[in-house]
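Hi everyone, thanks for making time for this. I'd like to walk you through a structure that may be new to you, so let's bring it up and take it piece by piece.

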Amino acid sequence: MSGLLRICTAGSVDDGKSTLIGRLLYDSRSVYEDQVTSVRAASRNRTAGPLDFSLFTDGLRAEREQGITIDVAYRYFATARRSFILADTPGHEQYTRNMATGASTADVAVLLVDARHGVRPQTDRHARIARLLGISTFVVAVNKMDLVGFDERVFAGIHESLPAVLDGARVQSIPISALDGDNVISNSARTPWYGGPALLPFLEQADAGAADPAAPFRFPVQLVIRPDHDFRGYAGQIASGRIAVGDPVTVWPSGRTTIVSRIVTWDGDLPAASAPMSVTLTLADELDVSRGDTLAEGTVHVGQRFSANMVWMDERPLQPGRPYVLKHGTRTVTADADAPLALNQIGVVGLTTGRPLVFEPYATNRTTGSFILIDPATNFTAGAGMIVEALPARAAAVAGGAAERLAAAARHAGSEADAIAAVRAVLEEVLV
């Protein structure tokens, strides 16, 4: 097994995520001596021993003072067998949005459970978010086993009470003491009843979820490149599938079909390319293709209504009917939802966009099936969504006149600034 593996931590506050990651980095010799010296000098939690391993990832002053993780801390390390990008995410409910950010690109989630407390509501919430984001491999690290005397019955009881959402995922439960290093790098003599792998060997063997070479070709156009009259190329990252010179492609949403004439890269032309390569494609015919369009193999779904699993991350709740900015791949449109959500709430909502999108269910394609909602008044990312399925067109929402749409945008705005931004967004779509 080789290649890069992206990992995120998950679980409730104080279950020991940062300590486990710090121990993993320290025991795998992935920290420099000056970092060890700095952490040893900064260690305040003397119950953690001479070295507080959580400080290897908790870098903010507030994190060190409060002993909790607030922001996502990324660490890069490698062993002789594999390279890793590790996201240590916060467990506190207030920072659930940061956990979702860290999990959004992960291949494997390490779900921490305190052996004394078992699976808690925040643990269940993090497991749900990780599953929604498409993670299918979990390590359930039953931590602080030293505080329950390495009791096999405690470990078995927690394994049997795992969240129902993990059914269907690959789950490896490991009894761990992050403080003492049991079953982190190698198997511990204090758990002779455990026959599975330690944490690091498991991660070195875990499936990285490589792109499916048989998936249909999808290429959202990010930029139109036209340096002179003799060249027109379309740059972007291949979301899925494979393309070769001479292959037919269809431009969506227009539905016009042509043939790929060149695949251009910085290092020269290629005969073929596949996901997740970033390339520039030239086409045999002069078609109207712009940023936000999608080049695809065969027919795709184009629509303005769909249901989605939403993770709401804004202090201001999701308001049905209020215009938001939806960013889907390289396309940005306005959208409104049909159900409310509060901060850190997860739920299924229906969304209607101001312009057609090329989309697929998230379960089919993580790129064309995901989006974010942006509050037009603050420009903050308010929510992350995973598309479940297309919904039937709602004539009133799409075919409403410009005056009705402008009035609705202004009526639902929370402030004058919101109204100006919402009306401007509607005008941009109406006047296209």
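One thing before we start: what you see here is a predicted model.

Let's begin with the open sheet. It has six strands, in the order β2-β3-β1-β4-β5-β6, and the pairing is mixed. Which strands sit at the edges? They are β2, residues 73-78, and β6, residues 170-175, and each of them pairs on one side only. Going from one strand to the next, the twist averages 20°.

Now look inside that sheet, at β1 and β4. Strand β1 covers residues 4-10 and strand β4 covers residues 108-114, and the two pair in the parallel sense over four bridges. If you want a spot to click on, try I7, which stands opposite V108 in β4.

On the other side of β1 in the strand order we come to β3. This strand takes in residues 83-88, and S83 is part of it. Here is a nice example of the chain coming back to itself: S83 and L4 are 79 residues apart in sequence, yet their C-alpha atoms are 4.9 Å apart in space. Leaving out residues up to four places away in sequence, S83 touches G3, L4, L5, F77 and A78. Is S83 buried, exposed or in between? Its relative accessibility is 34%, so S83 counts as partly exposed.

Next, the helices that lie on this sheet. Helix α4, residues 96-103, lies across β1, β2 and β3, and runs at about 165° to β1. Helix α5 lies across β1, β4 and β5, where β5 is residues 137-143, and α5 runs at about 175° to β4.

I'd like to stay with α5 for a moment. How far apart are its end C-alpha atoms? They are 17 Å apart, and that agrees with the 16 Å that twelve residues should span at 1.5 Å a residue. The buried residues of this helix are Q122, T123, H126, A127, I129, A130 and L132. Right after α5 comes G134, which has a positive phi, near 95°.

Let's zoom in on T123, which belongs to α5, residues 121-132. Why does T123 count as buried? Because its relative accessibility is 0%, and the cut-off for buried is under 20%. Setting aside residues up to four places away in sequence, the neighbours that T123 touches are G11, S12, D15, L111, L112 and V113.

On to the charged side chains. How many salt bridges are there? The count comes to twelve, and I'll show you a few.

Start with D27 and R23, whose side chains meet in a salt bridge at 3.2 Å, N to O. Both are in helix α1, residues 17-27, and because they are four residues apart there, about one helical turn separates them. Their surroundings are worth a look too. D27 has 27% relative accessibility, so it counts as partly exposed, while R23 is buried, with a relative accessible area of 11%.

Then find R153 and D151. They form a salt bridge as well, with the closest N and O atoms 3.3 Å apart. R153 counts as exposed because its relative accessibility is 70%. D151, at a relative accessible area of 21%, is partly exposed.

A third pair is D180 and R190, where the closest N and O atoms are 2.9 Å apart. The two residues lie in the loop between β6 and α7, with α7 being residues 199-205, and they are ten residues apart. D180 is partly exposed at 40% relative accessibility, and R190 is partly exposed at 40% as well. There is also a network: D114, R116 and K144 are joined by salt bridges that share partners.

Last stop, further along the chain. Here we find a closed barrel of six strands, running β16-β19-β18-β17-β20-β21, with antiparallel pairing. On average, neighbouring strands in this sheet are turned by 40° against each other, direction ignored. Strand β17, residues 324-328, pairs with strand β18, residues 331-337, in the antiparallel sense over five bridges. One contact to look for there is H328, whose bridge partner in β18 is R331.

And α5 makes a return here. It packs on the barrel sheet, touching β16 (302-312), β19 (346-358) and β21 (381-390), and its direction makes about 25° with that of β19.

That's my tour. Thanks for listening, and do turn the model around for yourselves!

How values were computed:
Residues are numbered from 1 along each chain as its sequence is written. This is a predicted model: local features need pLDDT of at least 70, side-chain atom pairs count only at pLDDT 80 or more; totals for chains, interfaces and linings use all residues. Side-chain values use heavy atoms; hydrogens and water are left out. Buried means under 20% relative accessible area, exposed over 50%, partly exposed in between (1.4 Å probe, protein chains only). Contact means heavy atoms within 4.5 Å. Two strands pair if DSSP finds at least two bridges between them. Axes are lines fitted to C-alpha atoms, for helices over the stretch in contact, and angles run from 0 to 180 degrees between N-to-C directions. The expected span of a helix is 1.5 Å times one less than its number of residues. A salt bridge is a side-chain nitrogen of Lys or Arg within 4 Å of a carboxyl oxygen of Asp or Glu.
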